[in-house]
Structures are given as C-alpha cells and as structure tokens.
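Here is a set of short exercises to work through with a model open on your screen. Try each task before you read the solution below it.

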Amino acid sequence: MIYYTEKEIKEEIDKGKIIILSEGKVYDVTDFADRHPGGREHLVKQVGNDVTQQMESETPHHHSLAAYTILKKYCIGNLMQKNGDLRHRNGTVKSNGTTNGTVNGTANGVAHSNGTVHSNGHSRHHDSSFPDDPINWDEPLLFQVPKLGDRYFEWVHRPIDGHLRLMKSDICESFSQCPWYMVPIVWIPVVMLLLYTSYTSLRDEPCSFAVTFSEGIPITSYHLPLLYIVGFLLWTLDEYVIHRWLFHLCPPSKYPVIVILHFLFHGQHHKAPMDKMRLVFPPLPAASLALLLYSVYCLFMPYTMALAVFAGSISGYIVYDMIHYYLHHGTPYGSYFRALKRYHVKHHYLDQQKGFGISSKMWDYPFGTLIKE
C-alpha cells in the first residue's frame with residue numbers, strides 16, 4: 001500500500017482531483033463524484049477533509065454498508081502523518097519503514113513509483129460486500145442470477161458502482177438500455193395518437209360509463225380533458241402499485257424465469273442504481289407494462305374512454321421517468337426535489353422495502369411505507 005503526505009494530497013487536489021480521507025485512508029473519488037447519490041457538490045465541499053464522522057452521522061443521513069463498499073473501490077493509499085509515522089485503519093501507528101511490505105511498493109498489486117495518485121486496481125464490478133458471490137462478473141449477468149438461489153433478493157439490493165452488461169448479443173444488449181431522452185421521443189407521439197383516436201371516436205360515437213347495471217354516465221369528446229387529467233392522477237397510484245407489488249416482490253428461486261424477469265425489469269436498477277443507461281425504461285419492456293395497464297383500464301370502462309385515460313397515465317409515466325432520472329443524476333433545485341432526492345436515496349441504500357413513491361410520496365402515507373426523516 002502506498003502512503004501519501006498531506007503535501008502530496010494537496011498537490012493532487014490542486015490538479016483538480018477530489019480527494020477525501022476516512023479512518024487514515026486516502027480516497028480519490030474524482031470519477032465517482034458525478035454519480036454520488038447525494039450529488040457532486042457534497043463531495044466537492046469535503047475535498048481534503050476526513051469524512052469518517054460525517055459518514056457515521058445521522059445528518060444528513062447514516063451511510064449504508066453499500067456506501068462503504070463502494071468507497072473501498074476508490075482507496076488509493078494510507079495517510080502519512082506529519083511526523084513520518086503511518087496511521088493504519090485500526091488506529092495503530094507504526095514508524096515509517098517498519099510496516100509490513102514496502103512503503104512505496106504496491107497497492108492491490110498496482111505498482112507505484114512516482115508518488116502520484118492512482119486507482120487501486122479493485123475491480124469496478126466485483127461485489128466485495130457479498131460473500132461467496134457465484135456471479136462471474138466478466139460474463140453477461142442476466143442468465144446467471146438464478147444461480148444465487150434464495151440469496152438473489154439480498155444480492156440485488158446490495159448496490160455497486162458500475163455499468164452492468166446483461167446479454168451476450170450486442171443487439172439484445174442495446175434493447176435492454178435506454179438514454180433518458182428516448183422516453184419523451186417515443187411516448188409523446190403515442191400520447192398524441194391516443195388522444196386523437198379517443199377524441200374522434202367519442203365525437204362520432206359517444207359512449208356510456210356504467211355506474212350501475214342499468215344506468216351510465218354519457219361520455220362525449222367534451223369530456224376528453226377531464227379523462228386525461230384522471231389518467232394523469234391515476235398514474236401516481238399505478239406507479240406505487242407496480243413499484244411495490246410487482247418490482248419489489250421477492251421472486252421464488254425455484255422459478256428461474258421469474259428471477260430473470262425480475263432482474264430484467266427492476267433488479268438491475270437496484271444492483272447498479274448509478275448506471276445512466278439502466279435507469280429509465282427501455283421502450284420494449286415499457287410497452288409490455290403499458291399494454292397490461294391499458295387492459296386493466298378496459299375492464300372498467302369503454303375502450304374509447306380508456307384511450308384518453310391511458311393517454312393521461314402515459315403522460316404521468318413520462319413525468320415519472322424524467323423525475324426518476326433527475327433524482328439520480330441531476331442536482332435538484334428547490335426544497336421539494338431536494339427532499340425527494342434524499343428520500344429516493346434512502347429507498348436505494350437504507351430501506352428498499354419502503355419509499356415506493358418516486359415522483360411523489362403521496363401513496364406512501366396511506367399504505368404505511370413512508371421512510372421517516
């Protein structure tokens with residue numbers, strides 16, 4: 001392990017590096033800063049500081065085991081004290097030159113000779129927090145996850161910092177990823193088409209929304225704005241129900257197909273929450289859920305009416321996915337979005353079985369899944 005003096009650390013900071021200290025160790029988190037769940041600015045404020053107490057403090061929040069596991073990846077050495085002694089993680093101090101191994105030797109097998117700050121060579125994918133991990137991280141993950149058996153649900157909720165490859169085929173892999181801007185590009189035209197179809201159908205042939213077996217409320221094209229608003233608001237409940245009772249159900253390990261589907265639809269996001277290409281829904285899996293949702297709407301109302309409600313719900317989904325991406329990779333402005341970001345970070349890193357509301361906490365209150373501050 002290489003050791004750094006305060007002067008050497010300052011030199012690296014002057015070069016623009018984001019260096020922090022914890023328990024006598026030195027961490028270069030420059031490459032991680034933009035992915036930091038709390039935002040880059042929090043790390044920038046701590047440049048050159050010891051963050052040991054802050055990470056253990058409840059303010060702004062207590063850092064999870066996953067946070068410490070991710071931090072290990074960016075360890076570049078130990079801090080050398082001003083008197084030349086070497087302070088170790090357990091608090092003991094050894095005189096310079098008497099440590100096990102050479103002072104300027106290697107860090108995790110990576111040789112250092114010029115005193116500059118380097119990566120420690122730790123695999124950016126290996127999940128060191130999970131004992132006896134059967135996953136081969138050099139191979140696509142999707143069809144490996146059933147090997148985890150009953151440990152899958154625990155494994156998938158131990159986040160890592162990195163990009164996941166799910167499939168061997170480059171074509172299939174491309175369909176499993178999605179940049180954020182594809183959501184409005186794909187779905188806004190769908191919303192417009194649904195509204196147009198619903199409007200023309202209701203204009204030419206009004207329908208009736210049954211309230212009893214013998215009576216119904218006549219629905220015409222004039223009701224289109226109201227139907228759209230109902231659908232938009234209904235999405236907030238859809239978002240909660242899908243997130244809680246579909247995405248966060250523990251899949252039975254005896255059915256590998258269900259485990260694979262769970263990982264494909266949502267598990268991958270919890271395993272790598274900072275992966276920008278695996279945050280918003282790709283069009284194909286989103287379309288399958290959209291078809292399911294529309295089918296449910298059609299059970300309760302005529303299809304021409306359901307089209308307008310569905311258009312509102314898809315609009316709600318677009319807003320939801322944009323907010324979701326913003327909470328992970330943006331720097332929220334305003335108290336509402338800052339609080340929402342903190343709330344969603346807790347869902348990923350502290351309590352994955354609460355905090356299912358993403359664009360709003362509204363439904364966490366009545367269902368008793370609110371994560372308290």
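The exercises below go through a sheet, a helix, a contact, and some internal spaces of this predicted model.

**Exercise 1. Work out the strand order of the four-stranded sheet and name its edge strands.**

Step 1. Start with the order, which reads S1-S4-S3-S2 in an open sheet with mixed pairing.

Step 2. Then look for strands that pair on one side only: these are S1 (3–4) and S2 (19–22), the edge strands.

Step 3. Now take the pairs in turn. S2 and S3 (residues 25–28) run antiparallel and are joined by four bridges. S3 also pairs with S4 (residues 75–79), again in the antiparallel sense, over three bridges.

Step 4. Check the register at individual residues. Ile 19 stands opposite Asp 28, and Ser 22 has Lys 25 as its bridge partner in S3. Lys 25 in turn has Asn 78 as its bridge partner in S4.

Step 5. Finish with the side chains of S3. Lys 25 and Tyr 27 point one way, Val 26 and Asp 28 the other way, and all are buried.

**Exercise 2. Find the residue with a positive phi in the hairpin of S2 and S3, and describe its surroundings.**

Step 1. The hairpin has two residues between its strands, and Glu 23 is placed in that loop.

Step 2. Most residues other than glycine have a negative phi, so a positive value is worth a second look. Glu 23 is such a case: its phi is near 50° and it is not a glycine.

Step 3. Is Glu 23 buried, exposed or partly exposed? Its relative accessible area is 29%. Buried would require under 20% and exposed over 50%, so the residue counts as partly exposed.

**Exercise 3. Compare the span of H9 with that of a straight helix, and locate its bend.**

Step 1. H9 covers residues 256–271, and a straight helix of 16 residues would span 22 Å at 1.5 Å a residue.

Step 2. The end C-alpha atoms of H9 span only 18 Å.

Step 3. Look along the axis for a change of direction: H9 bends by about 60° at Leu 264.

Step 4. Look at burial too. The buried residues of H9 include Val 259, Ile 260, His 262 and Phe 263, as well as His 266 and Gly 267.

**Exercise 4. Describe the second largest pocket and say which helix gives the largest share of its lining.**

Step 1. The space in this pocket is about 310 Å³.

Step 2. Its lining has 21 residues, and those nearest the centre are Leu 264, Gln 268, Phe 281, Pro 282 and Pro 285. Leu 264 is also where H9 bends.

Step 3. H6 (170–175), H9, H10 and H11 each supply at least two lining residues. The largest share is that of H9, with five residues.

Step 4. Sorted by class, the lining has 14 nonpolar, five polar and two charged residues.

**Exercise 5. Count the cavities of 30 Å³ or more and describe the two largest.**

Step 1. There are five cavities of that size in the structure. The largest has a volume of about 230 Å³.

Step 2. Among its 18 lining residues, Trp 235, Ile 242, Phe 281, Leu 289 and Tyr 317 are the closest to the centre. H8 (224–247), H10 (283–300) and H11 (303–329) each give at least two residues to this lining, which divides into 14 nonpolar, three polar and one charged.

Step 3. Move on to the second largest cavity, at about 90 Å³. Its lining includes Arg 35, Pro 37, His 344 and Tyr 349. H12 (335–349) provides the largest share, four residues, and the classes here are six nonpolar, three polar and one charged.

**Exercise 6. Place Val 191 and give the separation of its C-alpha atom from that of Ser 315.**

Step 1. Val 191 is in H7 (residues 182–204).

Step 2. With a relative accessible area of 6%, Val 191 is buried.

Step 3. Val 191 and Ser 315 are 124 residues apart along the chain, yet their C-alpha atoms are separated by 6.9 Å.

Conventions: Residues numbered from 1 in each chain as written. Predicted model: local features only at pLDDT ≥ 70, side-chain atom pairs only at ≥ 80, totals over all residues. Heavy atoms only, no water. 1 Å grid on protein atoms, 1.4 Å probe; cavity = no way out; pocket = protein on both sides within 12 Å on 5 of 7 lines; lining within 4 Å. Points joined across faces, edges and corners; volume = space filled by probe spheres on them. Nonpolar A, V, L, I, M, F, W, Y, C, P; charged D, E, K, R; others polar. Pairing = 2+ DSSP bridges. Expected span 1.5 Å × (residues − 1). Bend = angle between axes of the 7 residues up to and from the residue. Buried < 20%, exposed > 50% of the residue type's maximum accessible area, 1.4 Å probe, protein only.
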